[in-house]
Amino acid sequence: MPPVFALPNDAAVPLHVLDQDSCADWLEQQPQHISHWAQANGFTGACGQALLIPNTDGKPALALAGYGTGAQRARRRYVLAAAAEKLPQGTYAIASGLSHDALNIECFGWLLCGYRFDRYREQSAFKANLIAPAGVDAAAIESLVAAESLTRDLINTPASDMGPDELQRAAETLAEAFDASITTIQDDALLAQNLPMIHAVGRASDRRPRLIDMNWGASGPKLTLVGKGVCFDTGGLNLKPGASMGLMKKDMGGAAAVLGLAKAIMAANLPLQLRVLIPAVENSVSGSAFRPGDILTSRKGLTVEINNTDAEGRLVLADALALADEDKPDLLISIATLTGAARVAVGPDLAPFFTDDEQVATALATNAGPSADPVWRLPFHTPYETKIEPGIADLDNAPAGGFAGSITAALFLRRFAGDSRYVHFDIYGWNPTPAAARPKGGAGQGTRALFAALPELLNL
Ligand code: BES
Ligand code: ZN
Ligand code: ZN
């Protein structure tokens with residue numbers, strides 16, 4: 001169960017969130033036993049500090065949480081979460097100290113402290129429950145938390161339990177919950193229905209390749225989300241070395257992200273027509289594997305020379321994007337753990353995105369901060385088109401030289417998105433360094449910035 005707010009409760013402990021710069025002044029104005037207790041316990045209002053102050057009868061009277069200084073906050077994502085994780089078991093109500101904007105994001109972070117991936121082993125529970133403060137949209141925050149929890153669960157689940165079949169089932173479960181329709185095109189039907197590159201990438205695996213197609217919403221602008229669903233990426237015949245293969249259960253992180261975003265959109269009942277396309281495959285090794293040097297003909301008709309079977313994501317996405325574009329969506333979004341180059345360029349915290357649409361770029365930039373979902377624009381640098389043109393076929397899936405790997409992958413995808421208004425995210429999908437509300441493991445990226453930008457982008 002994804003974490004939720006506690007029910008209103010008279011016995012809740014009031015929690016005061018204190019800025020380090022004004023902490024001493026605030027304490028001075030409190031009854032003496034409070035300021036003494038704070039002082040005796042070294043409470044200064046630094047980020048992550050938490051303190052429960054008892055009444056003279058020993059029962060908790062109030063709690064304090066450090067909110068640090070502006071400079072400290074700039075170095076963190078969820079400030080209150082760090083304190084929340086240190087508070088003893090109880091139910092808390094934020095009594096003072098946060099602006100409305102800060103409340104929204106800090107509540108989201110607080111609830112996410114309760115996320116646990118406990119499918120394979122019991123995990124100790126998070127014990128500090130929070131009552132929704134007045135003025136925040138509790139249901140909206142809970143639904144974003146549920147969306148992120150879904151994304152994390154899907155990524156964290158190992159490939160042994162998250163193959164194309166299970167990914168399809170996860171999409172079907174989501175569709176059922178919101179009365180969406182869902183179909184899949186599997187195996188040889190991929191060839192019959194002209195999705196040849198999805199078939200080629202996935203055909204070596206016993207766990208058969210497919211395209212998942214979910215549709216929801218009867219009217220309004222058309223939004224299509226495409227997520228990379230490579231359930232495990234061995235690299236194919238261009239096998240990844242062990243260290244690079246270790247984390248490749250997360251290569252369906254784009255699919256996990258779009259399913260989370262779809263869940264948030266449907267829960268908010270946004271007035272739009274949503275389509276989610278997920279090519280779900282395993283990039284495996286067997287006698288039927290596609291090979292380096294092969295030339296594939298894509299759905300769109302463009303031929304693609306395979307220079308490296310490890311550049312498989314762009315192949316399966318290309319057919320899905322071509323199909324998406326045929327339907328002329330008002331906005332087309334792809335999310336994919338597409339390149340190691342993106343990770344090198346911006347690291348695991350920032351979600352790099354590409355778009356030719358200035359309104360999309362501006363809307364993402366302005367909504368990233370308030371959503372605590374940092375994004376960074378990288379260029380669709382058209383002069384690099386020559387790098388993906390090998391000569392013997394229309395396109396090359398893995399340009400030699402390795403320059404600008406995230407950009408050339410994005411340019412490859414753009415060829416298939418046609419005239420659609422298009423934005424592509426090349427995410428890492430994984431948090432390698434645990435922090436408050438952000439455990440090591442699967443992570444949704446770009447989705448909350450996108451969710452917040454949608455009303456403006458689609459005139460909702
Ligand atoms: N799934 C990987 C990209 C990846 C690797 C994302 C590590 C995050 C972390 C993708 O399929 C891949 O292997 N891409 C190659 C492309 C290259 C062969 C042109 C890469 O980035 O090295
Ligand atoms: Zn790969
Ligand atoms: Zn991959």
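Q: Hi! Are K228 and E312 buried or exposed?
A: Both K228 and E312 are buried (under 20% relative accessible area, with exposed over 50% and partly exposed in between, 1.4 Å probe, protein chains only). This is a predicted model, where local features need pLDDT of at least 70, side-chain atom pairs count only at pLDDT 80 or more, and totals for chains, interfaces and linings use all residues. Residues are numbered from 1 along each chain as its sequence is written, chains are lettered from A and ligands numbered from 1 in the order in which they are written, and side-chain values use heavy atoms, leaving out hydrogens and water.

Q: Cool, which protein donors does the zinc ion (ligand 3) have?
A: They are K228 (NZ), D233 (OD), D251 (OD) and E312 (OE), at 2.0 to 2.4 Å. Donors are N, O and S atoms within 2.8 Å of the metal (3.2 Å for Na, K and Ca); water is not among the atoms, so sites may look incomplete.

Q: And how are the donor residues spaced in sequence?
A: The pattern is K-x4-D-x17-D-x60-E. K228 sits in the loop between β8 (222-227) and β9 (229-233), and E312 in the loop between β12 (303-305) and α12 (313-326), so the pair ties together parts 84 residues apart in sequence. Helices (H or I, at least four residues) and strands (E, at least two) are DSSP runs, numbered from the N terminus.

Q: What does D233 bridge?
A: D233 bridges the zinc ion (ligand 3) and the zinc ion (ligand 2), which are 3.2 Å apart.

Q: New topic: in which sense do β12 and β16 pair?
A: Parallel, over 2 bridges; two strands pair if DSSP finds at least two bridges between them. V304 stands opposite L395 in β16.
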